[in-house]
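Q: Walk me through this one feature by feature, please. Give me the general idea each time, then the case at hand.

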Amino acid sequence: RFTPSGLYKSVSSAIVSIEAFSTNNAFTASGRGSGFLITSDGYIVTNAHVIDDADYGIKVILDDEQEYSAQLVGIDSKTDIAVVKISAADMPYVSFGDSTILEVGETVCAIGNPAGYAGSMTTGTVSGLNRDVKTGEDQVSMNCVQIDAAINPGNSGGALFNLWGEVVGITSSKLNPSAYEGIGFAITSEDAVPIIEDLIEFGYVAGRPRIGITFN
């Protein structure tokens with residue numbers, strides 16, 4: 001079990017900045033957010049809305065300011081989760097923990113890049129569990145943990161940690177009510193991990209009903 005400062009020293013090198021570029025303006029990022037490495041060979045989790053407009057390219061910036069071009073592995077806008085990959089080896093990475101054993105009042109830490117301030121950490125407590133939250137009208141309801149740690153634009157796609165250094169949620173500024181302070185949400189690892197696994201294996205979420213016509 002870490003102190004918050006010990007946690008930051010242990011995991012912050014796995015948190016990255018992400019910039020998305022569109023053909024409309026290839027020189028200025030159309031989207032900015034956070035992400036975190038989940039494997040040593042460069043798989044990174046972020047929010048789908050961070051890279052929605054990245055039809056020109058995706059740039060990943062590590063905590064030591066190294067820059068990489070990233071390839072889209074899979075994106076699921078309905079749950080606001082995406083996976084990208086950089087061509088790298090021996091990367092620092094973090095592991096998922098069990099969000100089902102979180103308790104109200106437990107200390108959690110969110111690390112991301114709010115307002116472009118890379119590697120920022122906010123610390124708070126779990127305010128509520130099993131919150132049913134959507135990121136938009138056509139989105140899938142996600143099981144979220146409610147937190148009072150500050151979550152701002154730029155935090156999207158960042159990691160929520162317990163004090164064992166495990167990722168228990170994915171933060172998103174889109175989940176946070178703008179009219180209230182001290183209320184933030186993170187998609188639980190319980191809900192996120194199966195989606196991430198599908199995106200890595202298939203490039204989409206398998207098993208979801210799909211409507212379409214296939215021509216041979």
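A: Let's begin with a pocket and what it is made of. By class, the lining of the largest pocket has eight nonpolar, 10 polar and five charged residues. Nonpolar here covers Ala, Val, Leu, Ile, Met, Phe, Trp, Tyr, Cys and Pro, charged covers Asp, Glu, Lys and Arg, and the others, Gly among them, are polar. Keep in mind that this is a predicted model, where local features need pLDDT of at least 70 and side-chain atom pairs count only at pLDDT 80 or more, while totals for chains, interfaces and linings use all residues. Residues are numbered from 1 along each chain as its sequence is written, and side-chain values use heavy atoms, with hydrogens and water left out.

Q: What volume does the largest pocket have, and which residues lie nearest its centre?

A: A pocket is an open set of points on a 1 Å grid over the protein atoms alone, where a 1.4 Å probe fits and protein lies on both sides within 12 Å along at least five of seven lines; lining residues have an atom within 4 Å of a point. Points are joined across faces, edges and corners, and the volume is the space filled by probe spheres set on them. In this model the largest pocket comes to about 370 Å³. It has 23 lining residues, with Ser17, Gly33, Asn113, Gly116 and Ala118 nearest the centre.

Q: Which strand gives the most to that lining?

A: Strands are DSSP runs of E (at least two residues) and helices are runs of H or I (at least four), both numbered from the N terminus. Strand 1 gives the most, with four residues. Strand 1 (15–21) and strand 2 (31–37) each supply at least two.

Q: How much space lies in the second largest pocket?

A: About 210 Å³. Its lining has 15 residues, and Ile151, Asn152, Asn176, Tyr180 and Ile183 sit closest to the centre. Sorted by class, that lining holds eight nonpolar, five polar and two charged residues.

Q: On to the sheets. In which order do the strands of the barrel with strand 1 run?

A: Two strands pair if DSSP finds at least two bridges between them. Follow the pairing here and you get a closed barrel of six strands, 1-2-3-6-5-4, with antiparallel pairing. From one strand to the next, the twist averages 40 degrees; axes are lines fitted to C-alpha atoms, for helices over the stretch in contact, and angles run from 0 to 180 degrees between N-to-C directions. For a close-up, strand 2 meets strand 3 (residues 43–46) through two bridges, antiparallel, with Leu37 partnered by Ile44.

Q: And in which order do the strands of the barrel with strand 7 run?

A: That one is also a closed barrel of six strands, 7-8-9-12-11-10, paired antiparallel. Its neighbouring strands are turned by 45 degrees against each other on average, direction ignored. Strand 7 and strand 10 (residues 159–161) share three bridges in the antiparallel sense, and Ala110 stands opposite Leu160. Strand 8 (residues 120–133) pairs antiparallel with strand 9 over five bridges, where Val133 faces Met142. Strand 9 then connects to strand 12 (residues 184–188) by four antiparallel bridges, with Ile147 opposite Gly184. Three more antiparallel bridges join strand 11 to strand 12, and there Gly169 is across from Thr188.

Q: Which strands does helix 2 lie across?

A: Look for contacts, meaning heavy atoms within 4.5 Å. Helix 2 (residues 189–202) lies across strand 3, strand 5 (67–76) and strand 6, at about 50 degrees to strand 6. Helix 2 also lies across strand 9, strand 11 (167–171) and strand 12, at about 50 degrees to strand 12. Helix 1 (residues 4–11), for its part, crosses strand 7, strand 8 and strand 10, at about 40 degrees to strand 7.

Q: Why call strand 12 largely enclosed?

A: Buried means under 20% relative accessible area, exposed over 50%, and partly exposed in between (1.4 Å probe, protein chains only). Five of the five residues of strand 12 are buried, so the rest of the structure largely encloses it. In strand 9 (residues 142–147), six of six are buried: Met142, Cys144 and Gln146 on one side, Asn143, Val145 and Ile147 on the other.

Q: Is Ser87 buried or exposed?

A: Exposed, because its relative accessibility is 68%. Ser87 lies in the loop between strand 6 (81–86) and strand 7 (107–112). Phe36, in strand 2, is buried, at 0%.
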